[in-house]
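Colleague: I'm new to this structure and would love a close look at one part of it. Could you walk me through a sheet and its surroundings?

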Amino acid sequence: MNRTTLSLIGAATALAAVTGVAALTGGSSDDADASTKAATRLPVQRSTLLCPTPSSSDVSDTTYTAYTPKRDGVDAKDGAAELLPAQNPADETTDPGDDGGKDDGKDGKDGKDSGKDGGKGGQAASGGDKPVLPLKEPGKPVTTEESSAGAPALIGTADGRFAPGWTVQQTTTIDAGSGRGLLGTACTAPDTDFWLPGVSTDRNRQDFVHLTNPDDAAAEVDLKLYGPSGRLKPSTDEAITVPPRSTVPVLLSTLTDQRAAAASLHVTARTGRIGAAVQAVDQKAGGDWLPASAVPSTSVAIPGIPKDVTSARLVVFAPGSDDADLKVRLAGPNNAITPAGHESLHVKSGMTAAIDLGDVTKGEPGSLLLTPEGGEATPVVAALQVTRGKGSDQETAFIPATAAIERSATAADNRTKGSTLSLVAPRASAKVRVTASAGAGGGSPVSKTYEVKGGTTKALEPPHPTSGKGPYAVTVERLSGGPVHASRMLALSEGGVPMFTIQSLPDDRGTVAVPEAGQDLSLLNDD
């Protein structure tokens with residue numbers, strides 16, 4: 001899977017390198033070979049982000065927050081960053097197998113313009129074609145709120161000084177009814193291939209995959225579900241059509257007659273590119289967004305399991321032709337241990353494996369590490385469903401397998417209370433710098449440096465901006481040492497329900513490796 005916003009394009013890129021202009025890619029080119037090391041890293045010049053439709057609930061409130069960190073080597077004057085509402089076809093189908101299936105109510109049509117500008121440069125999300133969250137300067141977030149079911153999906157671009165590290169977060173509170181709780185997700189770059197382990201077609205779950213097309217041509221998308229015995233029999237092999245600059249929600253249980261409590265979804269674009277995220281709603285345990293897993297890998301990190309989880313379910317899928325045998329470890333504050341009774345996991349090729357870990361953290365924060373156990377290493381994708389609370393006061397969130405931070409990553413929406421940053425170093429120890437931006441309503445940034453010991457998880461309350469007001473961003477920079485994986489939990493308990501959401505922090509791809517003049521471009525292929 002290629003997490004790029006744009007690709008290096010032949011000789012045009014070489015020309016850009018000579019003239020000092022980054023020709024934009026979000027992909028990683030920091031490989032160990034000498035040819036890649038010879039490249040110059042420059043800030044990206046354009047980024048694209050897609051935000052799914054937040055909620056169809058009439059008792060929902062959504063906060064959008066956008067932020068770009070200040071970067072050295074970036075022109076201080078040029079550029080812009082803003083989002084526009086995506087279209088939602090009036091009679092879009094959710095069941096590709098017949099004449100329309102069900103209207104899932106997530107298209108936001110007839111939604112009133114009830115958004116409240118946070119006074120920081122944002123505008124109501126449902127305000128027609130007006131830009132949403134236009135940034136005024138790097139280093140200062142902007143925020144806006146939407147208090148209705150009319151909040152649309154958003155399609156946005158940032159260029160110039162706003163492109164490197166541009167991050168947008170949407171956080172929705174649903175006070176009652178199905179899916180009540182705190183639902184959060186970081187808006188993502190478009191792509192052509194996504195793996196989402198942890199979905200369900202069970203009767204007590206309603207999982208919608210939201211497909212958003214940022215381009216001016218329709219995208220054709222295939223959706224395939226895999227359960228514990230292999231692929232779930234589809235009701236049709238027809239592709240989903242996502243019209244230009246539009247969003248389409250699809251209820252996963254309409255794609256098959258088979259029921260699976262734990263399944264994996266593979267989303268591929270036959271034509272075009274899309275954003276894909278699943279809104280998973282449990283009838284008893286609330287809901288949250290399930291983002292895509294990191295690309296298939298032989299070693300996996302799932303960072304940031306809360307210390308007070310009452311249950312945790314690990315879901316793993318092996319997409320290749322070989323089975324995977326994995327060692328399961330829990331990296332806690334002091335060391336890495338093996339969860340009792342779950343020393344290893346066998347995952348058959350093309351099948352979804354799930355294990356219930358219970359209250360695995362036992363009162364201490366941690367992260368799951370999956371590594372090969374003997375034999376050949378097989379790439380896998382994974383996610384963890386975590387639950388806090390008990391009985392009618394349960395709340396659920398999801399943590400996907402998360403790529404390491406190569407340079408920096410940002411969580412845009414943090415509050416004075418309720419934010420927890422988790423950092424895990426699976427192998428060697430690492431040093432990181434954590435910076436709290438100014439608040440959306442003012443203040444000054446604050447930075448602190450931390451060391452994360454190898455094989456451990458460091459969970460901390462991130463620094464707050466000095467005299468800051470309103471939501472603020474937290475940026476993690478890896479300074480030295482081994483790989484670091486990170487996530488951020490936002491907890492906003494209400495009425496006895498421990499509402500929370502967890503966002504993973506993969507690298508923001510804010511720079512691109514541009515070849516020196518005369519260098520062979522084929523040596524910098526990120527695919």
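Modeller: Happy to; here is a tour of one sheet, followed by the nonpolar cores and the confidence. This is a predicted model, where local features need pLDDT of at least 70 and side-chain atom pairs count only at pLDDT 80 or more, while totals for chains, interfaces and linings use all residues. Residues are numbered from 1 along each chain as its sequence is written, and side-chain values use heavy atoms, with hydrogens and water left out.

The sheet is open and has four strands, in the order E32-E29-E34-E35, with antiparallel pairing. Strands (E) are DSSP runs of at least two residues, numbered from the N terminus, and two of them pair if DSSP finds at least two bridges between them. Strands E32 (456-460) and E35 (500-504) are at the edges with a single partner strand each, so one side of each has no neighbour in the sheet. Further in, E29 (residues 419-425) and E34 (residues 485-491) run antiparallel and are joined by six bridges; Leu421 stands opposite Arg488 in E34.

Now to the cores. A nonpolar core is a set of buried Ala, Val, Leu, Ile, Met, Phe, Trp, Tyr and Cys residues joined through side-chain atoms within 4.5 Å, where buried means under 20% relative accessible area (1.4 Å probe, protein chains only). The largest one has 31 residues, and Val386 is among those with the most contacts inside it. Contact means heavy atoms within 4.5 Å, and Val386 touches residues including Phe500 and Ile502.

As for confidence, pLDDT (the predictor's confidence in each residue, from 0 to 100) averages 85 over the protein.

Definitions and conventions. Buried < 20%, exposed > 50% of the residue type's maximum accessible area, 1.4 Å probe, protein only. Lists of a residue's contacts leave out its neighbours within four places in sequence.
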